[in-house]
Amino acid sequence: MTVRICITGAAGRMGRTLIEAIALADNGVQLRAALEQPGSSLVGADAGELAGLGRNGVLVADNLAAVIDEFDVLVDFTVPTATLANIALCAEHGKAVVIGTTGFTVEQQQQIDLAASRVPICKASNFSSGVNLCFKLLDMAARVLGDEVDVEIVEAHHRHKIDAPSGTALAMGGVVANALGRDLAEVAVYGREGQTGARDRDTIGFATIRAGDIVGDHTVVFAAEGERIEITHKASSRMSFARGAVRAAGWVVRREPGLYDMQDVLGIRG
Ligand SMILES: NC(=O)C1=CN([C@@H]2O[C@H](COP(=O)(O)OP(=O)(O)OC[C@H]3O[C@@H](n4cnc5c(N)ncnc54)[C@H](OP(=O)(O)O)[C@@H]3O)[C@@H](O)[C@H]2O)C=CC1
Ligand SMILES: O=C(O)C1=N[C@H](C(=O)O)C[C@H](O)C1
């Protein structure tokens, strides 16, 4: 069975990479619709040309409702407000969704949970296999090292990124906090300045770098007296995210309504 995909944010950094990843995929997926914001100068452009692949006959549209019957699964890497509007429409029309957008508030996440009670949604802060393997390594490291270490998370991204810390850094913090029996909302420290006082062992610190064209680097430091362990992932191409999202699209379309993530797609949950 062919899985028909619609991409929102088609002209964005991830949108263009997704168009290429779908063209290269071997899991029966096909690009059927590509959307940009109303008013974008790219509406009407050929999606294949946008991605530098040559014409593929899919013209960029600006109205999700108008193409709703042309796809089975929406792949959305945009901004939180746009994602929420898009999933509301998908929930009404029984369309599966892959969400890559990051930076949702707690209230916005509740809206995603609600939509997932009606349609299958796969949401991940990071669709690369490497990062998802790191989540497992972090869980193991935190459980072994326990309360004997200070945990700090450092992330670096390109200068255009609009949310901080990255969704991946927050997810990594969540994995470590969960393994140590802590509540991330209570123990997270986002940046330090001035007379901070000595470090509290229970905290999990976050530091953010925004510079140039860095695709996405994450390091979690577990530091004790006399030694430290660092678990690092460095993405050098957005294709690592796009490949995972396209795999997730082929997977989620066959699922019952519910909220899934990349651990489910890779079969490494638990
Ligand atoms: N989960 C993962 O593995 C990954 C997640 N991401 C996340 O994906 C998201 C997008 O990243 P990236 O591609 O770099 O960002 P870009 O800014 O390059 O692309 C965002 C796209 O969304 C469109 N957009 C912005 N606002 C709206 C709106 N109000 N309505 C409709 N469309 C809109 C933009 O259109 P326009 O150009 O006209 O503004 C653009 O096409 C971010 O949240 C990022 O953190 C990124 C990489 C991997
Ligand atoms: O905005 C990005 O570029 C990325 N965003 C995601 C995040 O916030 O974690 C994933 C990846 O690191 C790239």
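Here are four short exercises on a predicted model, each with a worked solution.

The model is predicted, so local features need pLDDT of at least 70 and side-chain atom pairs count only at pLDDT 80 or more, while totals for chains, interfaces and linings use all residues. Residues are numbered from 1 along each chain as its sequence is written, and chains are lettered from A and ligands numbered from 1 in the order in which they are written.

**Exercise 1. Work out in which order the five strands of the open sheet lie, and how its neighbours pair.**

Step 1. Begin with the terms. Strands are DSSP runs of E with at least two residues, helices are runs of H or I with at least four, and both are numbered from the N terminus. Two strands pair if DSSP finds at least two bridges between them.

Step 2. Write down the order: β8-β9-β7-β10-β11, with mixed pairing. At the edges stand β8 (188-190) and β11, each pairing on one side only.

Step 3. Go through the pairs around β7. Strand β7 (residues 150-157) runs parallel to β9 (residues 204-210), joined by seven bridges. With β10, β7 pairs in the antiparallel sense, also over seven bridges. Ala 156 lets you see both sides: it stands opposite Ile 209 in β9 and opposite Asp 217 in β10.

Step 4. As a reminder, strands of a sheet pair through backbone hydrogen bonds, either parallel or antiparallel.

**Exercise 2. Describe strand β10 and its link to β11.**

Step 1. Sort the residues of β10 (216-223) by face. Gly 216, His 218, Val 220 and Phe 222 make up the covered face, and Asp 217, Thr 219, Val 221 and Ala 223 the uncovered one.

Step 2. Look at the pairing. β10 and β11 (residues 228-235) are antiparallel over eight bridges, and Thr 219 has Thr 232 as its bridge partner in β11.

Step 3. Follow the chain through the turn. The two strands form a hairpin with four residues between them, and Gly 226 in that turn has a positive phi of about 95°.

Step 4. Add the helix. Helix α5 (residues 129-145) lies across β10 and β11 and runs at about 170° to β11; such angles run from 0 to 180 degrees between N-to-C directions, with axes fitted to C-alpha atoms, for helices over the stretch in contact.

**Exercise 3. Find what surrounds each of the two ligands.**

Step 1. Take ligand 1. It has 24 residues around it, the closest being Gly 9, Gly 12, Met 14, Ala 82 and Gly 100; a residue is near if its C-beta atom, placed from the backbone, lies within 6 Å. α1 (13-24) and α3 (80-93) are the elements that give two or more residues to this shell, and α1 gives the most, with three.

Step 2. Take ligand 2. Its surroundings include Thr 102, Ser 125, His 157, Lys 161 and Gly 216.

Step 3. Divide each shell by residue type. Ala, Val, Leu, Ile, Met, Phe, Trp, Tyr, Cys and Pro count as nonpolar, Asp, Glu, Lys and Arg as charged, and the others, Gly among them, as polar. Ligand 1 has eight nonpolar, 14 polar and two charged residues; ligand 2 has no nonpolar, eight polar and one charged.

**Exercise 4. Decide whether His 157 is buried or exposed.**

Step 1. A residue is buried with 20 or more other C-beta atoms within 10 Å of its own, exposed with 12 or fewer, and partly exposed in between; C-beta atoms are placed from the backbone.

Step 2. His 157 lies in β7 and counts as buried because it has 24 C-beta neighbours inside 10 Å.

Key: Two residues are in contact if their C-beta atoms, placed from the backbone, lie within 7 Å.
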